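Ready for a few exercises? Have a look at the model first, try each task yourself, and then walk through the solution.

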Amino acid sequence: MEISEIRTAAPAEGRAAVELETFALLDRLRIPYAWVAHETADTIADCDVVSEALGISICKNLFLCNRQKTEFYLLTMPGNKPFQTKVLSHQLGTTRLSFAPPELMESTLRCTPGSASVLGLAYDTEQRVRLVMDREVHDAEWFGCHPCKNDASLRLRTEDLLRVFLPHTGHDVTVVDL
């Protein structure tokens with residue numbers, strides 16, 4: 001996979017509108033970041049190469065819902081951990097979870113399948129999505145994710161995500177042990 005040099009300033013052009021908006025929001029919130037452009041990274045295996053370039057671990061992000069499709073969750077967890085719906089459902093006290101329909105992810109988070117990102121919570125103005133983080137990700141110094149599109153990845157301090165970005169969006173985080 002071809003990866004650009006590490007950049008610390010927002011792109012001026014040549015990126016999707018959702019990416020430019022995401023970088024602009026991080027700049028307005030004064031959250032420092034480093035990022036790289038790359039080929040589309042559809043899997044965690046693709047992200048491993050990007051993780052190495054950024055010196056972090058890109059998180060696995062899953063957009064989930066309950067059976068009735070009335071409760072939505074964005075789960076962020078280490079890429080190397082297997083997802084066990086029974087374990088997560090039990091910790092959240094909800095019915096068995098499944099993947100939410102892609103069109104709901106697109107309308108709520110402005111992310112497409114393979115691009116789910118905590119940064120998409122900026123678009124969830126009705127706060128329909130509950131953020132759930134594995135403790136390992138929550139307690140890490142660095143957080144890695146896509147800027148709402150999976151042809152770029154960025155690194156930022158987890159503390160900035162938790163103490164600046166999430167309060168800006170109005171979202172809380174539920175920490176789980178997977």
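Is arginine 157 buried, partly exposed or exposed? Arginine 157 has a relative accessible area of 36%, so it is partly exposed. Here buried means under 20% relative accessible area, exposed means over 50%, and partly exposed is in between (1.4 Å probe, protein chains only).

Before going on, some ground rules: this is a predicted model, where local features need pLDDT of at least 70 and side-chain atom pairs count only at pLDDT 80 or more, while totals for chains, interfaces and linings use all residues. Residues are numbered from 1 along each chain as its sequence is written, and side-chain values use heavy atoms, with hydrogens and water left out.

**Exercise 1. Find the salt-bridge partner of arginine 157, and say what the pair joins.**

Step 1. Recall the idea: side chains of opposite charge can pair when their charged atoms come close. A salt bridge is a side-chain nitrogen of Lys or Arg within 4 Å of a carboxyl oxygen of Asp or Glu.

Step 2. The partner turns out to be glutamate 141, at 2.7 Å from N to O. Arginine 157 sits in strand β7 and glutamate 141 in the loop between α5 (135–138) and β6, so the pair ties together parts 16 residues apart in sequence. Those labels come from DSSP runs numbered from the N terminus: helices are H or I with at least four residues, strands are E with at least two.

Step 3. Check the partner's surroundings: glutamate 141 is partly exposed too, with 48% relative accessibility.

**Exercise 2. Work out which residues are linked to Arg15 in a network of salt bridges.**

Step 1. Start from arginine 15 and look for acidic side chains. Glutamate 19 meets it in a salt bridge of 3.0 Å, N to O, and both of these residues are buried.

Step 2. Aspartate 151 also forms a salt bridge with arginine 15, at 2.9 Å from N to O. Since aspartate 151 is in the loop between β6 (142–145) and β7 (152–157) while arginine 15 is in the segment before α1 (17–28), the pair ties together parts that are 136 residues apart in sequence. Aspartate 151 is buried, just as arginine 15 is.

Step 3. Put the network together: Arg15, Glu19, Lys149 and Asp151 are its linked residues. The whole structure holds ten salt bridges.

**Exercise 3. Decide how the buried residues of α2 are arranged around its axis.**

Step 1. List them: Cys47, Val50, Ser51 and Leu54 are buried in helix α2 (residues 44–54).

Step 2. Look down the axis. The buried residues fall within an arc of 110°, so they line one face of the helix; the arc is taken from the directions from the helix axis to the C-beta atoms. An α-helix has 3.6 residues a turn, so residues three or four places apart point the same way.

Step 3. Turn the helix around: Ala45 and Glu52 are exposed on the other side of α2. The buried residues of α2, meanwhile, pack against β1 (34–37) and β7, with contact meaning heavy atoms within 4.5 Å.

**Exercise 4. Repeat the job for α4: which residues are buried, and what covers them?**

Step 1. In α4, the buried residues include Leu104, Met105, Thr108 and Leu109. They cover an arc of only 100° around the axis, which puts them on the same side of α4.

Step 2. The exposed residues Glu103 and Ser107 are on the face of α4 turned away from its buried side.

Step 3. The cover over the buried residues includes β2, β3 (72–78) and β5. Just past the helix, arginine 110 takes a positive phi of about 60°.

**Exercise 5. Locate serine 117 and list what it touches.**

Step 1. Serine 117 is in the loop between α4 and β5 (129–134). Its relative accessible area is 0%, so it counts as buried.

Step 2. Leaving out residues up to four places away in sequence, serine 117 touches Asn61, Leu74, Cys111, Cys145, His146 and Cys148.

Step 3. Pick out histidine 146: it is 29 residues from serine 117 in sequence, and the two are 5.9 Å apart in space, C-alpha to C-alpha.
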